[in-house]
Every structure is written in structure tokens, then in C-alpha cells.
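Colleague: Could you take me through how the aromatic rings and the buried positions of a model are read?

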Amino acid sequence: MKAIFDNVSNKCSKTVTQSYSTSFSLATKMLSASIRQDIYNIYGFVRFADEIVDTFHEYDKELLFNNFSNDLELALEHKISLNPILNSFQETYHRYNIDKSLVDAFMKSMRLDLHKQNYLTDAEYKEYIYGSADVVGLMCLKVFVKGDQEKYDALKDSAMRLGSAFQKVNFLRDLKADFEDLSRTYFPNTDLNHLDETSKQTIIADIESDFAAGLQGIKRLPIEAKFGVFMAYRYYSQLLKKLKKTPALEIKSARIRVPNYKKFELLTRSYVKYQLNLL
């Protein structure tokens, strides 16, 4: 029975989420059980695409990505894939009528990571972030509103801003690995060889603006999604605070993290705010 295979596929996506990201996994656990699996399914898909372009250096990454892309297209068309991650994703994709253009934009940005190393203009930077982060937020939003197009349209802009904020924090946190290991520079008009406090604070101010807009959308999310998304927001906000306090030279030499004990402290405080209806 395909139901058995679908169940196995869903377990694979959940395992991917739990294995690759403790923070995202923790936030996902705070979502209602009615939508939690679908977020695992989206994460598994985007994580595997990202792993191909960022991690598998000893293999032909372009060949792997092309095969993954072809398998994705077949999965979406035929509503099945022997790749369990793609099988679980196509199920969520069809259940909530996720726009194919969102998937295409994501894959376009991931493909850029195979060869493109510098983003020299704001237009290039924004297009990459739209494809690598904003559309992921929009896919998740489709799940959060359970496919309700009117609610989706009302929350779309704030979901994109929140996705942008998360991605930009990742860029700043992973500055050393992206620049030294992958030879990538995402921030335009910024000399990472001579990153100074002024440049760093300009980047942070932009992220804070995105977070402010994203928070307004979180407050209007359905009850099934609100606390989980707020938890992710709190985690990334804490990470940004650490980056803000860290000298620019240190950001270039080390990866800034939020320790696990701090994550659980954030969880407790966030839950209190949620229960007191302070969102």
C-alpha cells in the first residue's frame, strides 16, 4: 500500500529536520500537530537541495543537482517519487496547492550556488534571497493558513520579510564559512576582506527592519502556527543580538551560535508571552 510508503517518507523528512537543525526542529514541535508534518516535508526538500550545493564537494554537484531537479519535476507531475523526501514534499505541495513558481524560484537560487560567488548589486542580492528564503516562508505560509488564499494574500508580505530576516542572519552568522570555504559573498557593496563595524551595523539595521515587519505578520497567524513561528523569530532575534555585540573581526573568524540552554530559556519565555497573549 502506498500509505505505508507515504508514512515512511514522512518519517524521513522528520528525521532530516531533527538531524540538521535543532533550532528549527524545536520551533516545528511548537506547531499544531495538524500542520507539523507538512513543515517537516518542506524542510526536508529545501535542506536536501541546499546540501547538494553546499556540502558534497567530493562529488559532481551539478550532476547531483540536475538529477534532483529532474526527480522533483517528476514527483510533482506524477504525485509520487521513490526519493522519500521528494515523495513527502509533493504530498504537501498538492495538499495546499503551493504555487509552482515558488518551487522554481527556490531551485533557481540553489542552482546559482553551484557557480555564482559574488552578488554585486542589490537586485542580484534581493533575487537570490527571494528564491532561497522568501519563497520557503511562502510555502510554509500556505500550510499555516491551510490553503486559504485570502489569508495567504493578507500575510504574504510579512512572511517574505521574515524569511529575508532569517536568511540574512544566516549569511552574517556563516560569513566565515561562506567566504573562506565556499568563496561566496552575498552582501553587495561590502568588502568582506575589510569588514568594519559601520558595514556590519548597516547590515544589521536592514535585518532589524525585516524582523519588525515579520513580527506584525506573526501576530496575525492562525493559532495552529503562531507559537512555533514566534519561537523561530525569538531564536533568530537572539542570534542577531549576539552578532550585533560581536566585533566585525570576530564574526569573520568564528561562527556565532546560541547555546542549547539559551534555546530552552527562550522557549520558556516565549511560551509565557504566548500564554499571556502578549504577542
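**Reading rings and burial**

Modeller: This is a predicted model, in which local features need pLDDT of at least 70 and side-chain atom pairs count only at pLDDT 80 or more, while totals for chains, interfaces and linings use all residues. Residues are numbered from 1 along each chain as its sequence is written, and side-chain values use heavy atoms, with hydrogens and water left out.

Colleague: Where is Ile4 found, and is Ile4 buried or exposed?

Modeller: Buried means under 20% relative accessible area, exposed over 50%, and partly exposed in between, with a 1.4 Å probe and protein chains only. Ile4 is found in helix α1, helices being DSSP runs of H or I with at least four residues, numbered from the N terminus. Ile4 counts as exposed because its relative accessible area is 55%, whereas Val16, placed in helix α1 (residues 2-20), is buried at 8%.

Colleague: How is a pair of aromatic rings described?

Modeller: By the distance of the centres and the angle of the planes. Rings of Phe, Tyr and Trp (its six-membered ring) pair if their centres lie within 6.5 Å, and planes under 30 degrees apart count as stacked, over 60 as edge-to-face and the rest as tilted. The whole structure holds 18 aromatic pairs. Phe89 and Tyr93 form a tilted one, 6.2 Å centre to centre with 45 degrees between the planes, and both lie in helix α5 (residues 84-95), four residues apart.

Colleague: Which kind of pair do Phe166 and Tyr236 form?

Modeller: Phe166 and Tyr236 are stacked, at 4.4 Å centre to centre and 25 degrees between the planes. This pair links distant parts of the chain, with Phe166 in helix α8 (residues 149-173) and Tyr236 in helix α11 (residues 223-245), 70 residues apart.

Definitions and conventions. Helices (H or I, at least four residues) and strands (E, at least two) are DSSP runs, numbered from the N terminus.
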